[in-house]
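This report deals with charged side-chain contacts and with a pair of strands. Please keep the sequence and the coordinates at hand while reading.

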Amino acid sequence: MTNAREPRRQPVRRPTINDVAAAAGVSRGTVSRVLNGGRDVSDTAQAAVERAMRKTGYVVNQHARSLVTQRSGSVAFILSEPQDRLFEDPNFNVLLHGCTEALARHDITLLLTLASSIEDRKRIGRYLTAGHVDGALLVSTHRGNPLIPELLDRGLPVVACGKPLGYERRTAYVAADDRDGAHQMVDYLRSTGRRRIATITGPLDTPGGTERLAGYRDALGDDADPALIANGDYTRAGGEAAMVRLLEQAPDLDAVFVASDLMAAGALNALYSAGKRVPSDVAVGGFDDSQVAAGTQPPLTTIRQPYPRISAEMVRILLGLIEGESPAAVVVPTELVIRESA
């Protein structure tokens, strides 16, 4: 038995920016510019540095980079709804996934935050304006949300999904053409011979709620009977309750345009409970073309929102704001998708 100790292992040296520069055949300054956004770097040098980083195993020190760039490398995704809505409504997850992927291509992390109460908004406002994020994506904002002016007044780059009611001139946003989409749906229902067309609206303090109701009224003109309008809340239960009210108010209705697929699924439940056949007795049209639309019985005729494009545009505009560009507004077209419910 020996008391000789084994030689101490030397710690593995982490590759440095100098190692990357040597492997890429460029200067240390070129590597630094690539790491800090790639300005004034040729495509050839950019590609060489990226290959050298993979070859050497170099990992960016995010803390050090943030000290240089004065940026956190993260963006907040703010959902102004209760937590259960995040899991019930598939649209939020599609937007979250799309924005996460788009930001990841720029090596930016997306932080999910829920701001459903006054206390939540105060806490989130303090966090966001303390330099923890470089910008914010606002989803499902309601009229009068105090978080919007607070973030704008603090100079934080912000992009909203949908028109930020009351702040359209100050806030960048990306929106589907809700009004035209609703008009398309009602025109289609009329073209199939329906004459008593009702609607279940979204919350009227949201852009989708107001714009889709406006499109419904545009299409019907003087035929827009108040008895054929019921307010909903973008939930399945809310759609079911609103459909029950409509059947009481206007038992002769022969079609209903519902301002979201999730509410339309609830409306179908109410119609079946009332002994109505879809679409022979009542045609049903939704809005979103979410995964809910294909899973109902019968599958929903609906209006498709191009969520991948909306996500990409939101990220593109936000990155521009972070770089000092002016706010922009983008409205993307919607598309009628015809299935068996109408």
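Buried is taken to mean under 20% relative accessible area, exposed over 50%, and partly exposed in between, with a 1.4 Å probe and protein chains only. By that scale D281 is partly exposed, with a relative accessible area of 25%. The model is a predicted one, in which local features need pLDDT of at least 70 and side-chain atom pairs count only at pLDDT 80 or more, while totals for chains, interfaces and linings use all residues. Residues are numbered from 1 along each chain as its sequence is written, and side-chain values use heavy atoms, with hydrogens and water left out.

A salt bridge here is a side-chain nitrogen of Lys or Arg within 4 Å of a carboxyl oxygen of Asp or Glu, and a search of the whole structure finds 10 of them. Three pairs are listed below with the distance between N and O.

| Acidic residue | Basic residue | N to O distance |
|---|---|---|
| D153 | R170 | 2.9 Å |
| D178 | R212 | 2.9 Å |
| D281 | R277 | 3.0 Å |

The salt bridge between D153 and R170 joins helix α8 (residues 147-153), which holds D153, to the loop between β4 (158-161) and β5 (172-176), where R170 lies, so the pair ties together parts that are 17 residues apart in sequence. Helices (H or I, at least four residues) and strands (E, at least two) are DSSP runs, numbered from the N terminus. D153 is exposed at a relative accessible area of 58%, and R170 is partly exposed at 41%.

The salt bridge of R212 with D178 links distant parts of the chain, with R212 in helix α10 (residues 207-220) and D178 in helix α9 (residues 178-191), 34 residues apart. Are these two side chains' residues buried or exposed? R212 counts as buried at 7% relative accessibility, and D178 also counts as buried, at 8%.

In the salt bridge of D281 with R277, the partner R277 counts as exposed, at 53% relative accessibility. A further group, made up of D289, R304, E335 and R339, is linked in a network of salt bridges.

Turning to the strands, two of them are said to pair if DSSP finds at least two bridges between them. β5 and β11 pair in the parallel sense over four bridges, and A176 stands opposite V332 in β11. In strand β11 (residues 329-332), V330 and V332 form the covered face, whereas A329 and V331 form the uncovered one.
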